Amino acid sequence: MISLQNVKKIFQAKSGVVTAVDDVNLTIHKGEIYGIIGYSGAGKSTLIRMLNGLEKPSSGEVSVAGRNISKIKGRELRKARQEISMIFQHFNLLWSRTVRENIAFPLEIAGVNKKERMKRVDELIELVGLTGRENAYPSQLSGGQKQRVGIARALANNPKVLLCDEATSALDPQTTDSILELLVDINKRLGLTIVLITHEMHVIRKICHRVSVMENGSVVEEGNVLDVFRKPKQLITQKFVKQVSEPEEAKDSIEHLLETYESGKIVQLTFVGDSAEQPIITHLIKRFDVDVNILQGKVSYTQDGPYGTLFIHVDGAEAQIDSALQYIREQQVELEVMTNV
Ligand SMILES: Nc1ncnc2c1ncn2[C@@H]1O[C@H](COP(=O)(O)OP(=O)(O)OP(=O)(O)O)[C@@H](O)[C@H]1O
């Protein structure tokens, strides 16, 4: 559905030449929710803007839904943009128009007649859960409702691709989750391909099938979300994964626990997919002569299954502890011994 080949974007800034996107190669499949994560300045916005022709690559090719976006112009580009719509962090709504009028706007531009327009707007209002708010103005809506209008407007002309530019960054965590759920729902119902950029791993974890990590204009890591969570290779990816996998207070309390326990071992277990749902701790206690103390844990859910970390303290005779840890490793659970105490 989307392919980027050797895509580079160079800006001539006052301070000199900036390579915002540096030789990026990507393939995004039809019906996929694809995430691009990176810190501010990594090149995400520039990359996503090249997907709908708002920026032209300095070199390389961008192809979306069978069209070479980097080459087309004028009417052809405008037509392509109807198939590649976008939602934004600050919603970009028309403040003097009601919900209904905002959603109708792209249909007016596309020349859809009034009767069909009204019918389509009604469908969209229902799809995004705004029934009852049709005649409100954006200033009368909550952040989440404003983004729902943004989504309805973006879907008006039945696009093939929806681009999301930090679409939940201005929302509180609960509203973020409800918008992410709406995006998953739309992806499933309409088979829409969704590409999103974000600096929050929570967003990737919650809805994406695959992810690219960007740093200094380059894609430094790519893969299925669950695989990236299981074995993040780059330091930057490890930092992003920690945002969602480790309990926030983990570091402090592990230091405290290391002082508390005078024997045994503290280990961090990382469960991915099916292994997150097995009663490994129960098996451990039954099979080995060890005491197991659960210290902290957190399970998160991705589109491809659960992912979790658990800190435990295992105590007993050394040989028993070693056998128990060996058993855990054999269950396809990643294991890291925090220290020997
Ligand atoms: N029009 C422009 N002219 C000059 N430099 C630019 C332009 N647009 C982006 N850049 C530079 O390109 C680099 C990548 O910017 P970009 O906005 O794509 O990153 P980002 O990952 O989206 O970060 P943010 O989330 O802060 O927007 C930055 O160094 C930025 O200053």
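The shell around the ligand has, by class, five nonpolar, six polar and one charged residues. Please keep in mind throughout that the model I am presenting is a predicted one. The residues that surround the ligand are Phe 11, Ala 13, Val 18, Ala 20, Gly 38, Ser 40, Gly 41, Ala 42, Gly 43, Lys 44, Ser 45 and Thr 46. Three elements give two or more residues each to this shell: strand E1, covering 2–13, strand E2, covering 16–28, and helix H1, covering 44–51. Which of them gives the most to the shell around the ligand? That is H1, with three residues.

One residue of the shell deserves a moment of its own, namely Lys 44. Lys 44 lies in helix H1. Is Lys 44 buried or exposed? A residue is called buried if 20 or more other C-beta atoms lie within 10 Å of its own. Lys 44 has 24 other C-beta atoms within 10 Å, and therefore it counts as buried. If we set aside its neighbours within four places in sequence, Lys 44 is in contact with Ile 36, Gly 38, Ile 197 and Met 214. One of these, Gly 38, also belongs to the residues surrounding the ligand. A further pair to look at is Lys 44 and Val 203: 159 residues separate them in sequence, and 15 Å in space, from C-alpha to C-alpha.

Let me now turn to the protein as a whole. Its secondary structure comes to 12 helices and 14 strands. Along the principal axes, the C-alpha trace spans about 80 × 50 × 35 Å. Of the 341 residues, 37% count as buried. Among the contacts with a separation of 6 or more, 69% are between residues 24 or more positions apart.

The domain assignment divides the protein into domain 1, residues 2–243, and domain 2, residues 247–340. The centres of the two domains, taken over C-alpha atoms, are 38 Å apart. How many residues of domain 1 are in contact with domain 2? Nine residues of domain 1 are in contact with eight residues of domain 2. On the side of domain 1 that touches domain 2, the elements giving two or more residues are helix H7, at 201–207, and helix H8, at 225–230. H8 gives the most to that side, with four residues. By class, this side of domain 1 has five nonpolar, two polar and two charged residues.

I would next like to examine two helices, beginning with H4. Helix H4 runs over residues 114–127, which makes 14 residues. From its first C-alpha to its last it reaches 20 Å, close to the 20 Å expected at 1.5 Å a residue. Its buried residues are Arg 117, Arg 120, Val 121, Leu 124 and Ile 125. Why do we say that they line one face of the helix? Seen down the axis of H4, the buried residues fall within an arc of 140°, and so they line one face. On the other side of H4, the exposed residues are Lys 115, Glu 116, Lys 119 and Glu 126. Among what covers the buried residues of H4 are helix H3, at 99–109, and helix H5, at 143–155. After H4 comes Gly 129, which has a positive phi near 75°.

The second helix is H12, residues 318–330. Its 13 residues should span 18 Å at 1.5 Å a residue, and its end C-alpha atoms are 19 Å apart, which agrees. Here the buried residues are Ile 321, Ala 324 and Ile 328. These residues cover an arc of only 65° around the axis, so they lie on the same side of H12. The face turned away from that buried side carries the exposed residues Ala 319, Gln 326, Arg 329 and Glu 330. Just after H12, Gln 332 takes a positive phi of about 55°.

My last example is Met 86, which has its place in strand E6, residues 84–88. There are 21 other C-beta atoms within 10 Å of Met 86, and therefore this residue is buried. What is Met 86 in contact with, leaving aside its neighbours within four places in sequence? Its contacts are Asn 52, Ala 154, Leu 163 and Asp 165. Of these, consider Leu 163: Met 86 and Leu 163 are 77 residues apart in sequence, and 4.5 Å apart in space from C-alpha to C-alpha.

Terms used:
Residues numbered from 1 in each chain as written. Predicted model: local features only at pLDDT ≥ 70, side-chain atom pairs only at ≥ 80, totals over all residues. Domains from an automatic or database assignment. Contact = placed C-beta atoms within 7 Å. Nonpolar A, V, L, I, M, F, W, Y, C, P; charged D, E, K, R; others polar. Near = placed C-beta within 6 Å. Expected span 1.5 Å × (residues − 1). Buried ≥ 20, exposed ≤ 12 C-beta atoms within 10 Å, placed from the backbone. Arc of directions from axis to C-beta.
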